[in-house]
Amino acid sequence: MFDPNCNEDGFYAKKQCNSGHCWCSARDGNLIAGSKKKGDVDCDSSSGPTRPLKNRCFTERLQGLKSSMKTKQFVPLCSRDGTYAPLQCDTAQGYCWCADKWGKEIKNTRTRRTPKCLTNAFTSQTKTPCYELKNYIKQLPTIGTIHIPVCKRTGVFRPLQCSRDKRYCWCVEQDGMELKGTVMFGKPECPERVMNMTFVKVTNGPCIRHKEKRKKLYIVLRRNLFNPQCNDQGFYDIKQCYANYCWCSDQNGKMMRGTRTRGDIDCAKIPNPHGKACLANRLKALKISLRKKPHVPQCELDGEYAPLQCNVYTGMCWCVDKRGKELVGSRTKRTPNCFASALNTIEDGPCHILKSYISKLPPNNKVNDPLCEGSGFFQPAQCSKTNSFCWCVMHDGKEVQGSITKGKPECHEKRFPAVPRLHGPCDEHLAHVSNMVTGERQDVYIPVCDNEGYYAPLQCNNDTTWCWCTNRYGSMVKGTRMQGKLPICDEKTLKPCVAFKKRKNEVSKSDVNDVYDAVCTENGFFAPLQCNVDSGNCWCVDGVGSVVAGTTIYQRPYCGKQQRKCEIERRKILSEDKPSQAPPSCDVHGYYSRMQCDHITQECWCTDRYGNETVGTRINGIPNCGQLPRPCDEHVSSILNYDNLFGVLIPQCDSQGYYNNIQCHEKTKVCWCSNKLGVKIPGTKTSGQPMCVF
């Protein structure tokens, strides 16, 4: 039986205990919600609840909302169960912090950036920590200067987060965890982060599950089974061994082909056993404090190491291979020679490539920016960014030994490329021009070569005022020389619609009627609706110009992305080799027309836009379906807007504005049978007058 603790005045004490459980109580003996737990409980007013949590948080929130904005009183955020929310924000100061369910602030969590209070949301079913953080911020009476996170559609944080005034930014994990040392004025480079696994239980890892399953099997079988090696995240280690054999494995335990060997094996020599090593090392470097001046590796889009690596704090650069290993003798503070073999085109010149890599580095770095010529090679004189020293270089960037001096040196001697490639006619031309002095090359045409040493299809003079097309041996194609414009020299690089229009302009005049004038979008693909003015047909196409089956009609079909029932039925019937029935009449939006007709029974009826027949409107003739536009008269009026009516189909209309039974094309002398709505009867198209008895 419960024996309560009483105060001297006869009321219940704050702390009550029974059967190993303790809880906090009010003076009248009512249990304070959320305070009962196994063992001792602290019900002091400074650390524990003196009244129910629900009343405490909601009461404080109501008082803050009722106060005027001038007092700038703090308004707490409450959870649905009435306890304090794990995130609390002060809109007046612009700070956010984490709190427990009693509302007490957790130390070292107050920040103006992304708080770390909701990272445990990854263990829940929603896995949307960014959305949950936004939902808490929406409960604030005013946003003020509180940071509003930027989320992805999946509910996780975007890698780049910025302050409200966009003055400074920082990088975060997908769960909102801020990366140390990434806060800077401007926008830092934030690579796409993988989901932070520190908040996922290690027991969920595949290697840990393998170990647990092994223990259960060992109890039953009593055999020495394979015992995998796991890393800290619960995944498989790179190296696995069993019964005198070793092999390399990925993080999911799959053996890498060709690595199983008898005895020990060095898996460090296997390229990227756990994914892209450059990205992994880059993530580690981004977490290091900026005070230590760490080197952050530069990676390609495919995750491999970039051939040029630079330390933005010291200005030192060097060349590496695909595994990130430094090439001996390539480390320098001046001009690194990592792209000497790029002697193919102006766009791929060694100096332009080096300049493009350096431009991707963070701003305010100490790396020297090379000086390039218009041909893509290096200028003869290169100077330091941090001091007044200069030096001479080759065309490919290789430094001339003994040329470094204080001030600009004289670099007018002939500079041959270090590794010239002279196996094509364009390479020989380019090498001849490269051996000239800079002043002599001003009025000399510098060719553009392809990867095989032949001339590129497009050539331009030095100031790109004149451009023309050439064959691979350098001979100019007649009629392609243009001033201020770039001619189309390679159809492989053209978009499908632009290439189609180019072929149309090249056909002979006798074949001009067989090629229609295509309508292209802004990005060079085909527009959904295409029409031939000469034949009067219209049809739907995809982006590459392929005709959609069953859409070729003498009227305008519906080519929208949404599926319409009438258009689907019409396409199905028209795509058959021998249609068994006439297709329905559809409007330009793909819905059913207000009136439908049957050419066999001569009956017409009214329908809604979804094809449902109006009861009592089916008659032998034309029913009264409201004020409808006469389809044939409307067709003729639209044709009158054309500038040239030669070859255009002009329909034959009756006295009421509907289509005649017989329709003919004056240019092709082809006729067919039609109903009153202009729908062509299948199987009636012929050369001459058909028999349209219906």
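Me: What makes lysine 36 count as lying over the face of tryptophan 23?
Reply: Lysine 36 is 5.3 Å from the ring centre of tryptophan 23. The cut-off is 6 Å, with NZ also within 35 degrees of the ring normal, and lysine 36 is listed as lying over the face. Do keep in mind that this is a predicted model.

Me: And what puts the charged end of arginine 609 over the ring of tyrosine 591?
Reply: Its distance from the ring centre is 3.8 Å. For Arg the rule takes CZ, again within 6 Å and within 35 degrees of the normal, so the charged end of arginine 609 sits over the ring of tyrosine 591.

Me: Now to the ring pairs. Why is the pair of phenylalanine 226 and tyrosine 242 called edge-to-face?
Reply: The centres of phenylalanine 226 and tyrosine 242 are 5.8 Å apart, with 75° between the planes. Rings pair within 6.5 Å, and planes over 60 degrees apart count as edge-to-face, so the name fits.

Me: What does that pair tie together?
Reply: Phenylalanine 226 lies in the loop between H3 and strand E9, and tyrosine 242 in E9 itself, so the pair ties together parts 16 residues apart in sequence.

Me: Why is the pair of phenylalanine 226 and tryptophan 247 called tilted instead?
Reply: Here the centres are 5.7 Å apart, and the planes make 45°. That angle is neither under 30 nor over 60 degrees, so the pair counts as tilted. Tryptophan 247 is in strand E10, so this pair ties together parts 21 residues apart in sequence. Ring pairs thus link Phe226, Tyr242 and Trp247 into a cluster.

Me: How do you know whether tyrosine 242 and tryptophan 247 are buried or partly exposed?
Reply: Tryptophan 247 has a relative accessible area of 10%; buried means under 20%, so tryptophan 247 is buried. Tyrosine 242 has 36%, which lies between 20% and 50%, so tyrosine 242 is partly exposed.

Me: What makes leucine 217 fit for a nonpolar surface patch?
Reply: Leucine 217, in helix H3, has a relative accessible area of 37% and is partly exposed. A patch residue needs over 30%, so leucine 217 passes. Together with Ile219, Val220 and Leu221, Leu217 makes a patch of about 390 Å².

Me: How do you know which strands pair with E18, and in what sense?
Reply: Pairing takes at least two bridges. E17 and E18 have 3 bridges, in the antiparallel sense, with glutamine 459 opposite tryptophan 468. E18 and E19 have 2 and also run antiparallel, and cysteine 467 has methionine 482 in E19 as its bridge partner. Both counts reach the cut-off, so E17 and E19 each pair with E18.

Technical notes
Residues are numbered from 1 along each chain as its sequence is written. This is a predicted model: local features need pLDDT of at least 70, side-chain atom pairs count only at pLDDT 80 or more; totals for chains, interfaces and linings use all residues. Side-chain values use heavy atoms; hydrogens and water are left out. Helices (H or I, at least four residues) and strands (E, at least two) are DSSP runs, numbered from the N terminus. Patches are made of residues with over 30% relative accessible area and no salt bridge: like charges are joined within 9 Å, nonpolar side chains (Val, Leu, Ile, Met, Phe, Trp, Tyr) within 5 Å. Accessible areas come from the Shrake-Rupley method with a 1.4 Å probe; for residues, only the protein chains shown count as cover. A salt bridge is a side-chain nitrogen of Lys or Arg within 4 Å of a carboxyl oxygen of Asp or Glu. Buried means under 20% relative accessible area, exposed over 50%, partly exposed in between (1.4 Å probe, protein chains only). Rings of Phe, Tyr and Trp (its six-membered ring) pair if their centres lie within 6.5 Å; planes under 30 degrees apart count as stacked, over 60 as edge-to-face and the rest as tilted.
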